[in-house]
Amino acid sequence: MSKINILWADDEIDLLKPHLLYLQEKGYDVKAVTNGNDAVDEFSKDNYDIVFLDENMPGISGLETLGKIKNINQGVPVIMITKSEEERIMDDAIGSKISDYLIKPVNPGQILLSIKKNIDKNRLISEKTTTNYQQEFRKIGMTLSGNLNYREWNEVYKKLVYWELELERAGSDSNMKEVYQMQKAEANTIFAKFIEKTYLDWLHARTSEVPIMSHTLMKNRIIPSVEKDSGTTYMILIDNLRFDQWKVLQPIIEESFKTESEDSYYSILPTCTQYARNSIFAGLMPSEIERLYPTLWLNDEDEGGKNMHEEELLNAQLKRLGKNIKLSYNKITNFEAGKKLAESVHTLSGNKLNVIVYNFVDMLSHARTEMEVIRELASDDAAYRSLTVTWFRHSPLHDIIKAIGASKAKLIITTDHGTIKVATPSKIIGDKNTNTNLRYKQGKSLTYQGKDVFLIKNPSDAYLPRQHVSSVFVFVKEDKFFAYPNNYNYFVNYYKNTFQHGGISLEEMIIPFVVLSPR
C-alpha cells in the first residue's frame, strides 16, 4: 500500500512534534503548516489523503480554511481540532462536512484512530467482514448438513441474506463473493429437496411442523395483529418483494416507523401472483377457490386478468371467519394511482384495516426481461436491490408510508412471493396449451428433465386446479428455468440472468412479514 499523505495545520505545531514523529514512525508522510493560508496553498499544490485542521489560527479561521479546501477537493476527509467545546462551532464544522471532530489536548492514539476511521476504514471493514464470514461459512455449512425443519430454514436464509448484504457493504473481493454464491447455491439445492419431501405433508397436515403459508397468512397472522390493536392497521403487500429487498428498504421505512417484529412465511406453489396472492386474500388453496368461487378464478389457459377479484375474496374470507372488520382495499398498478392514494391516505383512518396492494416491484422484475436499459441496470442481485431502493425513495409508495406514519397507524408489510435470478436452462417439451411461466409448467404430455423438477402428478394433491384429466405440474428448482428445444439458443440468451418466479428457491418461497409501529 502506498504511503498516506497527511497535511496538518496548527499555529502550535511545535507542540505537536511528538505526534508528528509518532505518525512518521507508523509510515505516514506528514506536512506541517502553521496557518490557514499556507494550508490552502499546500493543499492546492500536492495530493493529500487527509487533513488535520486547527479551528483557531491567526489569519483565516479553521472553518474558512475548511471551506477553501473543500472547494479544491470535496472528497478529502478533514479532521477539525479545537480547544473549544462550544456547540455552535461543532455545528458549523459538522455542517461543513468535516469527517471527525477532536478536542484538544489530543493524544497520538486519537489521531491514529481518526486516520484509520477515515482512510483505512473500508479496508479494515472488508478484512473483518471477510474473516467473520469465513467463520460463519463453516457454521452454515454444518447447519446445512443437518435435517432442518422450516424454522431452521428461515434462520439459514436470514443468515445468508445478512452475509450477502454485509459482504456487499464491505466491498469484499470477488473471490469471497464467489464463495458466498457457491454456499447459497448449495443451500438452494438442499432446500429444494426439503420442499419436495415436506410440501405435501404441510398441505395435508401430516406433520406437526407446518409453517404459516399463503392461505393461512390472513387468518393466523394479519387478522390477529389487526384485532390486537385498537387503532387502524395498514397492510401493504408489495408484490414480488424478496427478503433482501425488504432489508435494504428497512432503514428508509424506519425513518417513520419502528420494527415491532420481523418474520417470514412460506409462499405456496406456484410462487406467482395468480396463485399465491389469490390464496392470501381467499384464505384458501387455488383448487378450493375454483370450487367455492368459480366465477372468481381463472386458470392458466383462460383469457383475462388472473387477480381481478382480490377484494371480493378477502371479504368472503372475513365472512367465513365471522369477522366484522371495516376495511378498504386499494390496488396500485401505476404511478398516478399511487400518487392519488398518497394524497388521500388520511381519508382511510376511520377503517380498522386498510389493504394496499402495490404492484411496481413485480412490474420492475418483469421489465427486467423486456427492456434493455433495465437489463443493464439490474444485472445482478446487488444491482436489483439498488434499483429497488432508488425506485422506492422516489415512489408514491414512500409517500404513502410516510403519510401512514404521520397518522400514527400500525403498518404491516409483506408480499406474495419472491423472485430469483435464473442462470441454468432446463429443457421441456409441451403442447400449445402449456403455460408460459419459466419456473413452472402445467399441462399434459410434458417431457422434462426429471432431476430438475418437483413433479406434482396429481394436482389435487397440492390443491391445484386440474385443467385436463392428464394434467401435471412441474416446478423447476434452484436457479433453473424452462426452455423449449425450438429456438433454444435464442430463448436461453434472452432469459438467462433475468429475474423470474413460480418455482422452488429460498428467494421465492421464504418471504417477509413485518409489523411496524409509528415513531
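Two strands are said to pair if DSSP finds at least two bridges between them. The exercises below apply this to a predicted model.

**Exercise 1. Which strands pair with strand E19, over how many bridges, and which residues stand opposite each other?**

Step 1. Strand E7, which covers residues 257–266, pairs with E19 in the antiparallel sense, and the pairing extends over nine bridges. Within this pairing, lysine 258 has serine 517 of E19 as its bridge partner.

Step 2. Strand E10, made up of residues 410–414, is also paired with E19 in the antiparallel sense, here over four bridges. In this case threonine 414 stands opposite phenylalanine 513 in E19.

**Exercise 2. Describe the surroundings of strand E19, and state whether its residues are buried or exposed.**

Step 1. The cut-off needed here is that a residue counts as buried under 20% relative accessible area.

Step 2. Nine of the nine residues of E19, which spans 510–518, are buried, so the strand is largely enclosed by the rest of the structure.

Step 3. Sorting the residues by direction, one finds Ile510, Pro512, Val514, Leu516 and Pro518 pointing one way, while Ile511, Phe513, Val515 and Ser517 point the other way, and all of them are buried.

**Exercise 3. Locate serine 264 and list its contacts beyond its neighbours within four places in sequence.**

Step 1. Serine 264 belongs to strand E7, and with a relative accessible area of 5% it is buried.

Step 2. Once the neighbours within four places in sequence are left aside, the contacts of serine 264 include Ile510, Ile511, Pro512 and Phe513, which are residues of E19. The list is completed by Asn154, Lys158 and Arg221.

**Exercise 4. What is the strand order of the five-stranded open sheet, and which strands are at its edges?**

Step 1. The five strands follow one another in the order E2-E1-E3-E4-E5, and their pairing is parallel.

Step 2. The edges are formed by strand E2 (29–33) and strand E5 (100–103), each of which pairs on one side only. On average, neighbouring strands of this sheet are turned by 20° against each other, direction ignored.

Step 3. Looking at one pairing in detail, strand E1 (residues 5–9) and strand E3 (residues 50–54) are joined in the parallel sense over four bridges, and leucine 7 stands opposite valine 51 in E3.

Step 4. Helix H2, comprising residues 36–45, lies across E1, E2 and E3 and runs at about 165° to E1.

**Exercise 5. Work out the arrangement of the three-stranded open sheet, and explain why one side of each edge strand is left without a neighbour.**

Step 1. The order of the three strands is E13-E16-E15, with antiparallel pairing.

Step 2. Strand E13 (440–443) and strand E15 (453–456) stand at the edges with a single partner strand each, so one side of each has no neighbour in the sheet. From one strand to the next, the twist averages 15°.

Step 3. E13 and strand E16 (residues 472–476) pair in the antiparallel sense over four bridges, and in this pairing glycine 443 stands opposite valine 472 in E16.

Step 4. The loop between E15 and E16 holds glutamine 467. Apart from neighbours within four places in sequence, glutamine 467 is in contact with Asn299, Asp300, Glu301 and Gln442. Glutamine 467 and asparagine 299 are 168 residues apart in sequence, while their C-alpha atoms are 7.6 Å apart in space.

**Exercise 6. Are the residues on the two sides of strand E17 buried or exposed, and with which strand does E17 pair over four bridges?**

Step 1. On one side of E17 (residues 480–483) are Lys480 and Phe482, on the other Phe481 and Ala483, and all are buried, which leaves both faces of the strand covered.

Step 2. Strand E12 (residues 424–429) pairs with E17 in the parallel sense over four bridges, and the bridge partner of serine 426 is phenylalanine 482 in E17.

**Exercise 7. Summarise the protein chain in terms of secondary structure, burial, contacts and charge.**

Step 1. The protein chain has 19 helices and 19 strands, and its C-alpha atoms fill a box of roughly 90 × 55 × 45 Å along the principal axes.

Step 2. Of its 519 residues, 53% count as buried, and the accessible surface comes to about 23500 Å², with 49% belonging to carbon and sulfur atoms.

Step 3. Among contacts with a separation of 6 or more, 74% are accounted for by residues 24 or more positions apart.

Step 4. The mean positions of the 64 positive and 69 negative charges are 6 Å apart.

Technical notes:
Residues numbered from 1 in each chain as written. Predicted model: local features only at pLDDT ≥ 70, side-chain atom pairs only at ≥ 80, totals over all residues. Heavy atoms only, no water. Buried < 20%, exposed > 50% of the residue type's maximum accessible area, 1.4 Å probe, protein only. Contact = heavy atoms within 4.5 Å. Areas by Shrake-Rupley, 256 points an atom, 1.4 Å probe, with all protein chains shown as cover. Lys, Arg positive; Asp, Glu negative; His and termini not counted. Charge placed at Lys NZ, Arg CZ, Asp CG, Glu CD. Axes fitted to C-alpha atoms, helices over the stretch in contact; angles between N-to-C directions.
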